[in-house]
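This report describes the fold of one protein chain, with attention to its buried parts. The sequence and the structure are shown below.

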Amino acid sequence: MGNGSRGERLWPYRSPPLQDELLSSWMARLSAGNGLDLRRFCTLLWPGVRVWNRDVDQSGDHRVYELLAARTGVDAADAQGTILRGYEGVVYATHKPSGGTQWVLPLGLLGRARRALGVQFCSDCLAEDAVPYFRRAWRLACVAVCIRHGTPLSNRCPQCGVRFAYHRGELALAGGQARMQICLCMACGFDLRHAAAAEPRLVDGSETFISTQEEIGAVMRNGCGWVPGEGHVHSQLFFTGLRQLVRQFSLRGVGERIRTAACERVGAEPFALTVPSPSAVIEKLPIIDRMRLLNLSLLVLRGWPDTFVEVCASERVWSARLFKELHQAPYWYSRIVREHLQGTGMPPRTEGTRGSDAP
Ligand SMILES: [Zn+2]
Ligand SMILES: [Zn+2]
């Protein structure tokens, strides 16, 4: 292995990033393939830089992916495609390298282990992979179901219950060589590829959850979503509105009332959140809650705006609450709230206009 300077030869093991692979997953595979544990790998390549104890996928440090590209002979653009910043302008407006980006699941690296959210995974995908790896999309709060296998994603080891995080370098070291396999639980050594057999995966109504996830995937792919009465809406503006709907349905108190009313209106099974969330931040909700809230919100969007207006009006939820925490309201959401659910409070600035290509 080189010491990180340019102009050195390629590494013996130099697999390119796999389809939609995360930078951290690629790094873990490259370090193991070249016979180094992750911490040593990072210390050798980026001396003095805190690489592995940060959320390297979120920080997207160019020194990291550029050096990996140089040592593997991979095109720099392909290496850059492994960081989460690629979702900027598609799923959210502004990427925050140090954390707190909307829709990006936090790893909680600086907190104690029980506070870490870990990474999502589909154990069936890992089991099918010729080389197991972690997908970039699994770091998004709007991805909760594997479309390929029709099952909710997971973020815990089914054997010991620890939230999975191969990012926790100190634990990756604990078991030596055997622990360097990316899909082994760092706490107990369980192979996540066997998780499907270890726990029941399917939940009631899985077909509707799959179609919800397919719709979200299509909005990301196409760069636009469809809102009845508005037509095509830029994906970023679609997701901003979707996030606000999820928020309204996950608030304590009034959120529970409009959630139940909305479920009845769209013919979905009413549900309680597994962890009542005072902050109602989707990035901090359990997978099952995100799955149900995204599903309900998209069903409400299909009947936009009538379902939303009727539910809010019947429960006396007005604009002050519907605009709360929304620094920039997408025009398609803002217009309906202003026209039909106006109450006290100043509305936020409106983002985008009907028919505009960009937010
Ligand atoms: Zn899968
Ligand atoms: Zn475990």
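The following paragraphs treat the chain as a whole, one helix, one hairpin and the nonpolar core.

This is a predicted model, in which local features need pLDDT of at least 70 and side-chain atom pairs count only at pLDDT 80 or more, while totals for chains, interfaces and linings use all residues. Residues are numbered from 1 along each chain as its sequence is written, and chains are lettered from A and ligands numbered from 1 in the order in which they are written.

The protein chain has 15 helices and six strands; helices (H or I, at least four residues) and strands (E, at least two) are DSSP runs, numbered from the N terminus. Of its 359 residues, 43% are buried. A residue is buried if 20 or more other C-beta atoms lie within 10 Å of its own, exposed if 12 or fewer, and partly exposed in between, with C-beta atoms placed from the backbone.

Helix α4 (residues 62-72) has two sides. Its buried residues are Val 64, Tyr 65, Leu 68, Arg 71 and Thr 72. They lie on the same side of α4 because they cover an arc of only 130° around the axis, the arc being that of the directions from the helix axis to the C-beta atoms. His 62 and Arg 63, on the other side, are exposed. The buried residues of α4 pack against three helices, listed here.

| Helix packed against α4 | Residues |
|---|---|
| α1 | 23-33 |
| α3 | 56-59 |
| α5 | 76-80 |

After α4 comes Gly 73, which has a positive phi near 75°.

Strands β3 (residues 224-227) and β4 (residues 231-234) run antiparallel and are joined by four bridges; two strands pair if DSSP finds at least two bridges between them. Gly 225 has Val 233 in β4 as its bridge partner. The two strands form a hairpin with three residues between them, and Gly 229 in the turn has a positive phi of about 85°.

The largest nonpolar core has 91 residues, and Phe 121 is among those that touch the most other members. Such a core is a set of buried Ala, Val, Leu, Ile, Met, Phe, Trp, Tyr and Cys residues joined through C-beta atoms within 7 Å.

Phe 134 is found in the loop between α6 (123-128) and β1 (145-146). Phe 134 counts as buried because it has 30 C-beta neighbours inside 10 Å. Leaving aside neighbours within four places in sequence, Phe 134 is in contact with Leu 22, Ser 25, Val 119 and Phe 121; a contact requires C-beta atoms, placed from the backbone, within 7 Å.

Note on methods
Contact = placed C-beta atoms within 7 Å.
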